[in-house]
Amino acid sequence: MSNLIRDAMRQLDELLLDAYRAASGAGALPPDAEPSGVLEIPRDPSNGDFAATHAMAAARAMRRPPREIAGALLAHIKLDGGYFATCGAAGAGFMNFTLSDKWYSDVLRAAEEDGASYGRSDYGGGKRVMVEFVSANPTGPMTIGNARGGVLGDALASVLEMAGYDVRREFYVNDAGNQVELFGKSAAARYMQICLGEDAVRFPENGYHGDDIRELAAEVYGREGDSLAALPESELARRFVEIGIPRNIELMREHLERYRIRFDEWFPESRLHASGYVEDTIRRLTESGLTYESDGALWLKNTALGADKDEVLRRSDGSYTYQAADIAYHRDKFAERGFERVIDVLGADHHGHTVRFGAMMSAPALRSALGVTQGELEFLLMQMVLLKRDGEVVKVSKRTGKALTLNDLLDEISVDACRFFFNAKPDTHLEFDLDLAVRQDSENPVYYVQYAHARICSLIDALGADGHCVPAARDIDAALLREPSERELIKQIALLPEEIVQAARDRDPSRINRYVTELAARFHKFYGACRMRGEREDVLKARLKLADTTRRVVAIGLGVIGVTAPERM
RNA sequence: GUGCCCGUGGCGCAGUUGGAUAGCGCGUCAGACUCCGACUCUGAAGGUCGCAGGUUCGAAUCCUGUCGGGCAUACCA
């Protein structure tokens with residue numbers, strides 16, 4: 001549970017405060033003007049390991065030039081024995097600090113002590129969070145878009161767990177409603193086409209054209225012949241729903257398992273309908289005066305709740321809309337199951353919905369009508385995946401049946417590459433170049449990171465054969481690790497807990513991709529610059545410890561995003 | 001029309017509670033293996049951060065306007 005970056009910053013804050021007190025006590029700076037500022041890690045290492053902006057920020061209040069303030073503070077700062085070795089004023093008034101041997105040593109010790117839980121923290125304070133993601137319609141196979149949502153949701157959940165949240169992963173199964181009906185009708189039509197001929201049966205408008213529907217119909221025909229053809233159309237469609245939907249759900253489960261995603265809960269929409277929970281929810285809204293009837297339908301007074309337009313809850317034919325079920329579903333998340341935070345991962349094409357729905361779910365009137373007393377809803381929107389084939393963008397559509405499915409994709413490229421590749425920043429379009437991705441030996445950056453891990457493993461084996469074991473952190477002298485490449489590597493190792501916290505805070509698990517890539521890069525650089533075999537025993541030991549620590553941190557980082565860390569490649 | 005998201009070297013992207021000379025990968029060019037894995041490393045070229053104003057010690061980052069692209073605006077989910 002250690003975080004040496006934060007520890008160093010905390011210490012630096014105190015040092016600066018003490019320095020100010022000493023300086024103002026000595027009359028070098030005005031009293032009652034305690035400076036505050038930002039502590040940051042400078043981009044350029046020649047500006048030190050940490051920089052403070054306090055002097056610039058205090059310039060106005062103190063009516064002194066920033067450099068003079070910095071000089072006064074630094075003249076009174078006491079660094080001895082702590083995490084900082086040197087300090088100096090630079091630029092417009094920055095105060096720059098370099099880290100001490102003790103800090104570097106403590107990083108390696110902390111990583112060792114924390115073991116497999118290095119990187120974890122209690123930032124989230126055990127708050128109960130649900131991440132709902134994928135939630136693909138069970139009307140067909142999952143698409144590339146689901147592949148992206150799956151990775152993002154799963155990695156986000158992992159990041160939140162590492163950051164100390166109590167996390168549940170949930171898949172909302174839309175096994176009710178119009179799309180499911182359309183699925184049944186589509187399959188029924190395919191079946192009848194087999195019985196009576198393609199041209200004799202009209203295919204439903206907006207029906208599902210996918211091959212999986214034809215296969216389902218053919219399979220049923222193979223088993224039952226045309227014995228079902230006499231059934232009324234609606235009954236036949238219902239039969240296909242009963243057969244096809246559970247099967248599709250099972251397939252999704254299998255494919256997601258293959259993708260290394262497991263949900264704590266598969267929550268069926270149909271349960272909300274069957275238990276009367278939707279009905280009860282809508283009744284509460286009506287009793288609270290939040291609805292009205294028009295044209296035979298029941299409408300939610302959505303505009304009164306902060307949205308841009310009203311919405312239908314119950315259609316004129318008596319059936320409930322998706323909105324109605326979704327309100328009930330989220331009422332269940334907050335009021336019945338007590339989640340303090342719910343994050344829905346959705347495609348950006350749902351953003352119109354999220355704006356309205358988010359406004360509704362935070363509206364006091366609606367919350368009190370539903371008995372929701374706590375909990376906040378947020379959305380993680382991800383932009384579309386653009387498939388590129390032969391340099392051309394191909395649009396994905398479940399309707400036309402021309403989508404490349406998640407499972408197809410996994411037949412062609414490794415789960416590791418897939419997960420790494422899709423874990424990109426959610427708010428930009430992702431270009432997925434199929435021609436590149438289908439190559440097993442592609443230049444995907446995941447190999448770069450995994451290679452670092454494998455390389456360290458064989459390095460440790462090789463040195464082990466020479467009788468060198470990885471030493472304990474207390475048995476090495478970290479002061480021997482003073483090459484720039486060594487220090488840059490240790491600093492990157494120290495950054496993991498902070499990266500996890502930031503990824504959790506920003507709901508951006510793609511930070512971890514960048515983190516492990518940078519970690520691997522720094523290792524490769526270290527590896528090129530520093531040798532072990534043939535070096536002095538104590539130097540060899542220190543470097544071996546550094547390499548082994550790197551290995552473990554690479555594995556932890558890759559683990560967070562669901563990518564394996566192979567010992568050999 | 002209205003709302004949301006995105007415009008950063010040839011391509012793909014980091015960098016947003018405002019910080020120092022705007023970074024990285026791919027590609028291009030030039031180098032490095034009798035060596036703990038060359039699936040690696042080193043160096044170079046390449047930018048008025050879409051454009052125009054504004055805010056201030058300081059702006060890729062904040063504000064306003066504008067242009068370009070995407071998405072959404074169903075008794076679909």
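This tour moves through a predicted model, going from one buried acidic residue to the aromatic rings and the charges that sit over them.

Begin by selecting Asp49, which you will find in the loop between strand E1 (39–40) and strand E2 (50–52). With a relative accessibility of 10%, Asp49 counts as buried, because the cut-off for that word is under 20%. Now show the side chain of Lys491, whose polar contact with the side chain of Asp49 spans 2.6 Å. If you then display what else touches Asp49, leaving aside neighbours within four places in sequence, the contacts include Glu40, Ile41 and Pro42, as well as Phe97, Thr98, Leu99 and Tyr104.

Keep Tyr104 on screen and add Arg487, since the charged end of Arg487 sits over the ring of Tyr104, 4.1 Å from the ring centre. For another example of this arrangement, select Tyr259 together with Arg419, which lies over the face of that ring at 5.8 Å from its centre.

Turn next to the aromatic pairs, of which the structure holds 16. One of them is formed by Phe263 and Trp266, an edge-to-face pair with 5.5 Å from centre to centre and 75° between the planes; both residues are buried. Adding Phe133 and Phe171 to the selection shows a cluster in which ring pairs link these two with Phe263 and Trp266.

Finish at helix H19 (residues 510–529), where Phe523 and Phe526 are three residues apart and therefore separated by about one helical turn. Their ring centres lie 5.8 Å apart with the planes at 55°, so this pair is tilted, and Phe523 and Phe526 are both buried.

Notes. Residues are numbered from 1 along each chain as its sequence is written. Chains are lettered from A and ligands numbered from 1 in the order in which they are written. This is a predicted model: local features need pLDDT of at least 70, side-chain atom pairs count only at pLDDT 80 or more; totals for chains, interfaces and linings use all residues. Side-chain values use heavy atoms; hydrogens and water are left out. Helices (H or I, at least four residues) and strands (E, at least two) are DSSP runs, numbered from the N terminus. Buried means under 20% relative accessible area, exposed over 50%, partly exposed in between (1.4 Å probe, protein chains only). A polar contact is a pair of N or O atoms within 3.5 Å; within protein, one must be able to donate a hydrogen and the other to accept it, and residues adjacent in sequence count only if both atoms are side-chain atoms. Contact means heavy atoms within 4.5 Å. Rings of Phe, Tyr and Trp (its six-membered ring) pair if their centres lie within 6.5 Å; planes under 30 degrees apart count as stacked, over 60 as edge-to-face and the rest as tilted. A charge sits over a ring if NZ of Lys or CZ of Arg is within 6 Å of the ring centre and within 35 degrees of the ring normal.
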